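Trainee: I am new to this structure and should like to be guided through it. May we begin with the ligand and then turn to a residue of the protein?

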Amino acid sequence: MAQPNLDIVYSAEVAMARADSVPIVALESTIITHGMPHPQNLETAHLVEKTLRDSGAVPATIAVMDGQLKIGLDPDDLARLAASDNASKLSRADLAACIASGGTGATTVAATMIAANLAGIEVFATGGIGGVHRGGEDSFDISADLHELALTPVTTVAAGAKAILDLPRTLEVLETLGVPVIAYGQDEFPAFWSRGSGLTAPLRMDSPAQIAQAHLMRRALGLAGGQLVANPIPAAAEIPRDRLAPVIERALDEAQRNQITGKAVTPFLLARIFELTEGQSLSANIELVLNNARLAAKIAQELNAAAAFSAPAGR
Ligand code: PSU
Ligand code: MN
C-alpha cells in the first residue's frame, strides 16, 4: 500500500499572501456548518472574510473538501459547505481519518489550529471556543479545543465562551494546561453574547502589539501551545446575561432529555438557542465574530511587522 498524500490546497489569495508575506488570519468552518443556520451562515462567512480584507489581512477559511485540506476556500467551496447538511465536524481526533478517506468536513477550533499551524498561519479568529460542558465533572465532556490551545502555537481570538458551558471550570482547565487566557481591554472574562461573566480573566492586555509580543515571547521560550484572546462583544450588540439564562437552561434541559452526547452536544445547543431566541442571538453572534476578525487582523499585522524587522536586510 502506498503512503497517503497530504494534499494541502491553498486558495489563490492565500498562496499570494504567503509569497508576499501579507498578514493572514485563519477562520474555522464548523461555525458555518454546525454553528449557524443557512443562509445566515454563508452571509456571515463572506462578511467575516470581507472584514479581514478591509482590515488589511487575508482570510484563510479552513475545511476538508473531498479529501483535500483547504487553506482558503473559494466562493464555490464556501457555498457548498454552507448548504451541506452532512459535512462532518472535524476535531483533532477526526481530521486525519476524514482526509485519508476522501471525505468532506468542517474544522472546529482545534482542527483549524492544527491546519493553520501547518500553513504557518499564527493568528485565528472565531466566535466562541468549546470548553468544559456543564455537568462535565460527571460526563467528562471537555472540548478538545482546550487541549489544542495547549499544544499548537496559534493565537486564537474568540469572544470568550458561551454560558452553555461551565465557565469557571473552563478557566481552571485552561490554567492547568498552561494556556494564557487574555481578556482584551478589560479585566473580566467575556461570555460571548455578554461582555461580562463575573469572572476575572487571568491576564489582561490592551493592545494588539502587546498580544503579538507575548506570542513571540512564548516561541522564544520554546513553549508549545497558543494563546486565547477573549475579546468582549461590542457594547451595542451585547445581550444581557439574565435575558439568555432561561433560554440556555431550557436548551440544556432538552439536550439531557434527548440524550444528546459527544460532539452532537454543542451543535444541538447552538441550534436550539437560535430557535428559542428567534434569531436575536444570531445578530449578536455575527457582530462579535466581525469584532474578533478586526482584532485578529491587527495582531497578524503586528506579528508581520516584527518578522520583517528581524529579517535580514534584502529579504
Ligand atoms: N461555540 C460557539 N460556536 C461554535 C462552536 C463553539 O459558540 O460554532 C463550535 C466551534 O467550532 C468549536 C466547536 O471548536 O463548536 C466545539 O465543539 P465541541 O464542544 O464538540 O468540542
Ligand atoms: Mn464535547
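Mentor: Let us start with a side chain beside the ligand. In this predicted model, an N or O atom in the side chain of S143 and an oxygen atom of ligand 1 are separated by 2.7 Å.

Trainee: How much of the accessible area of ligand 1 does the protein cover?

Mentor: On its own, ligand 1 has 480 Å² of accessible area. The share of this area covered by the protein is 93%.

Trainee: Which backbone lies 2.8 Å from an oxygen atom of ligand 1?

Mentor: Backbone atoms as well as side chains approach the ligand. A polar backbone atom of G128 is 3.4 Å from a nitrogen atom of ligand 1. For the oxygen atom at 2.8 Å, the backbone N or O atom belongs to V109.

Trainee: Which helices each supply at least two residues of the shell around ligand 1?

Mentor: Ligand 1 sits in the largest pocket. Of the 16 residues around ligand 1, those that come nearest include E28 and T266. The helices that each supply at least two residues of the shell are α2 (30-33) and α12 (265-276).

Trainee: Is T155 buried or exposed?

Mentor: T155 belongs to strand β8, which spans residues 155-158. Its relative accessible area is 0%, and a residue under 20% counts as buried. Therefore T155 is buried.

Trainee: With which side chain does the side chain of T155 make a polar contact?

Mentor: Leaving aside neighbours within four places in sequence, T155 is in contact with several residues, among them E122, F124, H215 and Q227. The polar contact of its side chain, at 2.7 Å, is with the side chain of H215.

Key. Residues are numbered from 1 along each chain as its sequence is written. Chains are lettered from A and ligands numbered from 1 in the order in which they are written. This is a predicted model: local features need pLDDT of at least 70, side-chain atom pairs count only at pLDDT 80 or more; totals for chains, interfaces and linings use all residues. Side-chain values use heavy atoms; hydrogens and water are left out. Helices (H or I, at least four residues) and strands (E, at least two) are DSSP runs, numbered from the N terminus. Buried means under 20% relative accessible area, exposed over 50%, partly exposed in between (1.4 Å probe, protein chains only). A polar contact is a pair of N or O atoms within 3.5 Å; within protein, one must be able to donate a hydrogen and the other to accept it, and residues adjacent in sequence count only if both atoms are side-chain atoms. Contact means heavy atoms within 4.5 Å. A residue is near a molecule or strand if one of its heavy atoms lies within 4 Å of it. Accessible areas come from the Shrake-Rupley method with a 1.4 Å probe; for residues, only the protein chains shown count as cover. On a 1 Å grid over the protein atoms alone, a cavity is a set of points where a 1.4 Å probe fits but cannot get out, and a pocket is an open set with protein on both sides within 12 Å along at least five of seven lines; lining residues have an atom within 4 Å of a point. A molecule sits in a cavity or pocket if more than half of its atoms lie within 2 Å of its grid points.
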